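Here's a quick briefing to read with the structure open in your viewer. It goes topic by topic, so feel free to jump around.

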Number of protein chains: 2
Amino acid sequence: MTPTKIVDLIVKDLRFPTSLEQDGSDAMHKAPDFSCPYVELKTDTDLTGCGITFTIGKGNDIVCYAVKAMSKMVIGKNLDAIFGDFAGFWREITSEDQMRWIGPEKGVVHLATAAIVNALWDLWAKIEGKPLWKLLVDMEPEKLVSTIDFRYISDVLTKKEAIEILQLKKSEKTSREKDLISRGYPAYTTSCGWLGYSDEKITKLVEKATAQGFTRFKMKVGADLEDDARRAKHFRELIGYDKVWMVDANQKWDVQDAIDWMCQLSEFKPLWIEEPTSPDDILGHAKIAEALNPIGIGVATGEQCQNRIMFKQFLQAKGLQYCQIDACRLGGVNEILAVILMAAKFGVPICPHAGGVGMCELVQHLSIFDYICVSGSLEGRMIEYLDHLHEHFIHPVVMKDGNYTVPQSPGYSIDMKDESIADYEYPTGRAWKKLFEAGSFIQH
Amino acid sequence: MTPTKIVDLIVKDLRFPTSLEQDGSDAMHKAPDFSCPYVELKTDTDLTGCGITFTIGKGNDIVCYAVKAMSKMVIGKNLDAIFGDFAGFWREITSEDQMRWIGPEKGVVHLATAAIVNALWDLWAKIEGKPLWKLLVDMEPEKLVSTIDFRYISDVLTKKEAIEILQLKKSEKTSREKDLISRGYPAYTTSCGWLGYSDEKITKLVEKATAQGFTRFKMKVGADLEDDARRAKHFRELIGYDKVWMVDANQKWDVQDAIDWMCQLSEFKPLWIEEPTSPDDILGHAKIAEALNPIGIGVATGEQCQNRIMFKQFLQAKGLQYCQIDACRLGGVNEILAVILMAAKFGVPICPHAGGVGMCELVQHLSIFDYICVSGSLEGRMIEYLDHLHEHFIHPVVMKDGNYTVPQSPGYSIDMKDESIADYEYPTGRAWKKLFEAGSFIQH
């Protein structure tokens, strides 16, 4: 039986105590606890749509609270009405008359939107019995584009242009799909280079990643220039100069600091500097890019780029050379499609932000779609990979020789195991109770 | 006795049923209920700091929830520690390691920041026994600037430059203060021109405002071009062409639509078009300004400009000719000072957004400070005025001949009457209970 409507929305505050190992530590976020509001959309059948957004601990409950407030706009809705005019529904929930004031389309309410919209796409893919990427790949361009709200981006991308971009790459879709299934999508790993890791830990992790087939690595920078240079040297000694190596400052610098600091690190040949400054500073990024591109360093950003309107301007201003879409920051697949298509128009490669919890599971679908239907190329493209927390998912990513293999289970790969939910619901889950009792964690 | 620390933070969800009269209706917000999270900072004496942020109804509870989450960073704090290094404290609460992920510095958490920081400035002014504007005016430039976090704006304004701007206008402060006390600060009124008002209502309100001394008026546009032109004609017939008249689209248009629409309305000689498109679209605003400035129309924006980093770019890109700072959208006085000083550097006049509930009470202090210490000029400058909801404040704004008179009570003028709080706390207040019982309002 096919579900016809949403009958309930349940959201759970899940957190993982990653700060205990300094996993995820960087120049701005010393001790993150990877977390997610986990949304389940109940239907009038057994089928459930699952979705998340991502946070790094404190404030995860604020997003859960916002999801609950927004759930009134979803519960009781007919699925035909949603999927038949998905752009319309998307605008309805992102531009609700009173609620939009506390965004609009940014921050807490947009993160909440992502969790809900991700769950809807998961449900849609499950109804069609396809992995999300395949649902997208099989859709006619007109139908696919009908899910996008073009408000505020029509000066750069019209509906007609979007359809034309998709038409252009239509003929060789089947061969690219086959190609990708056989070789997988290129990845890079961030797991070796967190700021809080010792040299010994880095050495061990790089050796392990290399043995697993990784040839692309990212390292965190921005706390101390001398220390960055030392670690950069160590990293390059481990991997050599034939491998791809990037650095990430997580918004640590002002504009001029970013330029100065990266000139100092340029001898280590980073492919890109990621998040050199505020994610809101489009013109600042453009100035940094203008200074660093001539010495071979690109600018990458996107994980905190709040919406398609900001991405539009980053592209217009040449503020990024690598477009790091985020499955949980943008308002779900609808808005991500808009950004992928704008990036294609500007010839900028998509390199999704992933990691945290569940984001690798999500973004693989987006890059696979991008390759098959939009870019038609893997050049300069790769998906971030982190080897944390995959064990909690029913269909976790499967890596092979440093590549993402193409997922085959229906949906958006984000269903979590019941046991993991019971363990990590905050603050009452079994794992958290143990941590509090042991005194190794203080409840926020 | 002078208070030494914050011992508690109480936040209340206050809402006013303004949608019943279509007060505040515009092209994007058909039926707002002006609302505010109302923060009271309790100290170890009887003195209480009061602060608000502003919303238009639904979602006010989400911001209250965020304020409560952030209150842990405030309760127990020593006031010397806060006011002694206010920039440091400001960064602490806006860049909290984990929490910043769900902003940063935007949306729900930044609105919550505004409510808390506004309450701190209210408390500081009360401790000094001065209205807020006077606290600012009497501060040495170095001290004033020490409250600003220059992160992400140093490429456009350094601490040194900020101090120099203040030094420049120091010598004639006293005479400007006297001058303003005698004549008041120019205002314009928005109360006559809401989108949902009939022609008859507009006529009556314009007559009333004119009798009160107003010579500057704003009208809402953007729903229907023909209707806009008709109402514009009506409005100009009422006030003539010697009065100042502005229009406000509240983000209704895409970039090209804004240009086309305003070319059609240009015969009615609006001084500015306010919020022509998304508040996030800096480059879009710049394109609109480039097209409309030659035909005598400026671009105004700011009420949903999320932070100083966005304002910085609006100024850099010439995306605005009138800088509409918002006391509740920016993270309190500290960040507003940064924007006022950047605008001064670019020679752009400050015309604060006000209205809603309590925003007139707040922003008057900011413009008074701007005139006395920064701009030294009233040319092209005015404060928005709406005649709603002032009756709920202990020290409401006092208008005289269409000008704001200079407030004299200690603090930031935002203390509300106990009775109003008891009436309008949502959803349990007496006024709300009555509305629900009468069936004239459905609880969200």
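Let's start in chain A, where three strands form an open sheet in the order S1-S2-S3, paired antiparallel. Keep in mind that this is a predicted model. After the sheet come a helix, a parallel strand pair and a buried aspartate, which are in chain B.

**The chain A sheet**
- Strand S1 (6-15) and strand S3 (48-52) of chain A are the edge strands, each pairing on one side only.
- From one strand to the next, the twist averages 20°.
- S1(A) and strand S2 (residues 35-43) of chain A run antiparallel and are joined by nine bridges.
- If you want a spot to check that pairing, A:Arg15 has A:Ser35 as its bridge partner in S2(A).

**Helices across that sheet**
- Helix H1 (residues 60-71) of chain A lies across S1 and S2 of chain A, and runs at about 175° to S1(A).
- Helix H4 (residues 107-128) of chain A lies across S1, S2 and S3 of chain A, at about 145° to S3(A).

**Helix H7 in chain B**
- In helix H7 (residues 159-168) of chain B, the buried residues are B:Ala162, B:Ile163, B:Ile165 and B:Leu166.
- These residues sit on the same side of H7(B), because they cover an arc of only 155° around the axis.
- That fits the usual helix geometry: with 3.6 residues a turn, residues three or four places apart point the same way.
- B:Lys160 and B:Leu168 are exposed on the other side of H7(B).
- The cover over the buried residues of H7(B) includes helix H6 (141-145), helix H14 (333-346) and helix H15 (359-375) of chain B.

**The S5/S6 pair in chain B**
- Strand S5 (residues 216-220) of chain B is largely enclosed by the rest of the structure, because four of its five residues are buried.
- S5(B) pairs with strand S6 (residues 244-248) of chain B in the parallel sense, over five bridges.
- One of the partnerships to look at links B:Arg216 to B:Val244 in S6(B).
- Together with helix H10 (residues 225-239) of chain B, S5(B) and S6(B) make a right-handed β-α-β unit.

**B:Asp26**
- You'll find B:Asp26 in the loop between strand S1 (6-15) and strand S2 (35-43) of chain B.
- B:Asp26 has a relative accessible area of 4%, so it counts as buried.
- B:Asp26 and B:Val221 are 195 residues apart in sequence, but 7.3 Å apart in space, C-alpha to C-alpha.
- Leaving out residues up to four places away in sequence, B:Asp26 touches B:Leu195, B:Lys220 and B:Asn250.
- The side chains of B:Asp26 and B:Asn250 make a polar contact at 3.0 Å.
- A polar atom of the B:Asp26 side chain also lies 2.7 Å from the backbone nitrogen of B:His29.

Terms used
Residues numbered from 1 in each chain as written. Chains lettered and ligands numbered in written order. Predicted model: local features only at pLDDT ≥ 70, side-chain atom pairs only at ≥ 80, totals over all residues. Heavy atoms only, no water. Buried < 20%, exposed > 50% of the residue type's maximum accessible area, 1.4 Å probe, protein only. Helix = DSSP H or I, 4+ residues; strand = E, 2+ residues; numbered from the N terminus. Pairing = 2+ DSSP bridges. Right-handed = clockwise from strand over helix to strand, strands pointing away. Arc of directions from axis to C-beta. Contact = heavy atoms within 4.5 Å. Axes fitted to C-alpha atoms, helices over the stretch in contact; angles between N-to-C directions. Polar contact = N/O pair within 3.5 Å; in protein donor to acceptor, adjacent residues only side chain to side chain.
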